[in-house]
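The following exercises concern covalent cross-links and the burial of secondary-structure elements. Please attempt each task before reading its solution.

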Amino acid sequence: MCNEHLRFVMLLLLLLLVTLQQHTAGSAIADERPNHIDRWVSCIGEIVLANADTFRHELNIFTLGGGETEEESLHFEHDLLDRLLARLVYRHADKKPFTFNLAPYDRTVSYNQRNLVLILLHDLRQLEQHLLPQLAAKNVEQRGYFLLLLVPSNATTTTTAEKHVAATFRLLWSVRLHNVVLALERRRPTTRIDLLAYDPYGPGCCGCSRPRLLAHCNAPPPPLYDRFERNLHGCQLRIASFERAPFLEFVHRPGRNGTATATPKLTGIEGNLVELLAAHLNFRVAIVQPADGRTWGRIYPNGTANGALGLLLNGTVHMTVGGYFPYPALLAATTQTHHYYTAELVLAVPEELATLSPLEQLLKPFQPAIWTVVAVELAIGALGALHRRHRLLHFWRTVIGESLPGRTVPRRTVARLALLLWVVHAALLRESYKGSLVGFLTEPNPLADIHSLEALVQAGYRFVMTETVYHTVFDRSSTNRRPLAPHQVLLIQSADRQALLERTIRSRDRLAFTSTREEIVKFNSRNRTDINYRTSDETLLTFHFAMYFKRSSPIAAACDWYIRRVVATGFVARWHHQHLDLRFERPTLAGSGQAEVLQLHHLHGSYLLLAAGLLLATAVFTLELLWGRWCERRRRPNYPGPYPYLHELSRQYPPVGRRKRTRRIA
């Protein structure tokens with residue numbers, strides 16, 4: 001019985017002790033709450049005020065709902081917001097006022113790309129459940145600053161806090177959400193607020209998300225964590241690309257044992273740019289070439305992609321370089337840098353000499369106006385010959401270089417002056433024609449006309465291009481170009497284009513390739529003596545070369561910063577002159593442009609015309625002779641005997657017996 005009373009007394013004492021401890025803890029929390037709020041307001045307020053100009057005084061503040069929170073945390077959250085807003089308005093009253101947005105971030109309609117997003121969390125697990133989908137969908141480029149405030153709760157005092165922070169940063173890195181600062185309150189060994197961030201590139205860390213302590217709130221307020229990579233610490237960046245001279249070429253350097261190294265040296269306009277960025281940003285380059293038969297690749301409406309873009313979107317590579325045609329799917333899925341080169345898409349055809357008939361060779365040296373004057377003069381001369389006006393006919397003969405007979409020279413001064421002007425005109429006309437004819441016949445090589453798309457269509461060329469080029473240039477209602485018939489188009493893969501260029505040079509097929517002038521010039525420079533390609537004057541499309549990263553990549557901003565300065569300093573223009581010899585832009589058939597000595601093959605057309613004229617004149621003369629003899633034979637009387645001219649003698653000397661008698665007139 002005594003034991004039972006003793007147990008009852010001990011139980012009462014234990015209950016009193018527990019009640020006293022709870023009351024003491026509640027009083028301590030009630031007494032410490034103002035200190036907590038002051039610490040958070042002072043910390044966050046100093047950060048916001050120190051960086052107000054950075055985010056242009058635009059502040060988005062909102063909390064996450066739906067979590068299991070205690071009433072104390074809710075009161076703390078409301079008090080924190082009230083005192084923080086009052087502090088910002090009071091401390092910044094004489095300067096530019098703040099713009100506050102208290103609506104949920106996903107409902108924000110307009111915001112600048114450098115704004116500050118202040119988010120109050122009760123548990124880091126809320127980030128994955130509620131916050132992350134909203135941020136990833138709304139802030140596509142992730143250029144704003146994010147300040148995550150983990151308000152005091154029991155979750156921060158457990159031993160799993162470090163694991164939650166690491167998991168949070170891994171989650172943020174998976175969606176490329178940068179410029180994030182996590183404010184975390186620690187109560188052991190002393191109560192303080194730590195500012196944490198993650199650094200994906202650092203010594204011994206390539207693409208990781210390990211937490212990094214930026215500062216404590218009792219220290220001077222740090223600047224917002226701007227994810228701008230200036231040093232990648234030797235990390236390897238994989239680039240999806242392929243060899244395409246003169247923009248990017250691979251030079252395999254010999255190793256120590258004589259074999260080629262696995263990592264080639266990059267040359268060309270883009271190769272030099274990538275090597276320069278690698279030296280300044282301290283990264284290593286690894287080229288990954290598309291293995292699916294596509295080179296550039298394309299993003300399709302269903303979200304799939306192939307080629308270099310497919311490697312970029314599935315995470316195999318970090319970036320790709322080159323010129324792409326901008327379309328909505330590409331702009332929505334990638335981040336582009338400033339363009340470093342501008343190229344034009346043109347049509348290139350194998351060189352072909354112009355086919356001219358002998359008559360065209362004879363008529364080409366004069367323009368239509370000159371030939372009109374010559375035709376009028378010839379008509380006047382022909383009329384003079386028909387009407388047998390010998391003086392007019394003699395004047396016309398001066399046009400072809402014959403001299404005037406003395407009897408046709410006029411005796412009056414005015415007429416002689418007109419005759420002198422006529423002789424000078426005839427001499428100038430003859431000499432100008434001779435000079436034009438010689439200049440035309442000594443032209444290096446008259447090439448076929450390919451100045452426009454219409455000229456190529458009329459010449460019967462087939463057009464070789466990729467499917468992307470065809471749909472971009474010829475199969476859109478927004479362009480005013482004439483659609484091509486199916487038999488005029490030959491669709492190929494980008495990887496097959498180089499082999500088809502070489503095969504067409506040998507086969508001399510009438511194919512027109514869509515290409516850039518730079519690639520054609522580089523192709524021609526391989527062998528100057530071979531018949532090569534020349535480009536049309538019409539530009540099908542103008543596009544820009546740039547570097548493309550996966551959406552909101554942390555390296556894009558640094559590469560863009562360096563590319564702008566490289567272009568401004570003229571490095572790209574210098575590389576263009578180094579890797580592109582514009583002498584090979586001239587066609588090989590055109591020669592050096594100097595006049596050649598006239599040979600028989602230059603004048604064969606004129607000789608053919610002379611032979612045809614002589615044959616025609618002989619035929620006309622023969623017909624005239626035969627016609628004259630036939631007419632004479634019809635008029636001649638039929639006299640027998642072997643003397644055909646006896647009738648002429650009989651006319652002069654009539655017979656004696658048949659003389660005419662005369663009468664005498666008395």
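**Exercise 1.** Determine how many disulfides a search of the whole structure finds, and state which cysteines they join.

*Solution.* Step 1: apply the criterion that a disulfide is a pair of cysteine sulfur atoms within 2.5 Å. The search of the whole structure then returns 3 disulfides. The model is a predicted one, in which local features need pLDDT of at least 70 and side-chain atom pairs count only at pLDDT 80 or more, while totals for chains, interfaces and linings use all residues. Residues are numbered from 1 along each chain as its sequence is written, and side-chain values use heavy atoms, with hydrogens and water left out.

Step 2: list the pairs. Cys43 and Cys217 are bonded, with sulfur atoms 1.4 Å apart. Cys43 belongs to helix H1 (residues 2-50) and Cys217 to the loop between strands E9 (211-216) and E10 (235-240), so this bond ties together parts that are 174 residues apart in sequence. Helices (H or I, at least four residues) and strands (E, at least two) are DSSP runs, numbered from the N terminus. Cys205 and Cys208 form a disulfide with sulfur atoms 1.2 Å apart. Cys206 is joined to Cys235 at an S to S distance of 2.0 Å.

Step 3: write the connectivity. Counting bonded cysteines along the chain, the pattern is 1-5, 2-4, 3-6.

**Exercise 2.** Assign the handedness of the disulfide between Cys205 and Cys208 from its torsion, and classify the accessibility of Cys205.

*Solution.* Step 1: the torsion about the S-S bond of Cys205 and Cys208 is about -85 degrees, so the disulfide is left-handed.

Step 2: buried means under 20% relative accessible area, exposed over 50%, and partly exposed in between (1.4 Å probe, protein chains only). Cys205, at 2% relative accessibility, is therefore buried. Its partner Cys208, at 23%, counts as partly exposed.

**Exercise 3.** Establish how strand E19 (511-516) is enclosed, and which strands pair with it.

*Solution.* Step 1: 6 of the 6 residues of E19 are buried, so the strand is largely enclosed by the rest of the structure. One side carries Leu511, Phe513 and Ser515, and the other Ala512, Thr514 and Thr516.

Step 2: pairing requires that DSSP find at least two bridges between two strands. E16 (341-350) runs antiparallel to E19, joined by 4 bridges, and Ala348 stands opposite Phe513. E17 (462-465) pairs with E19 in the parallel sense over 3 bridges, and Phe463 stands opposite Ala512.

Notes:
Contact = heavy atoms within 4.5 Å.
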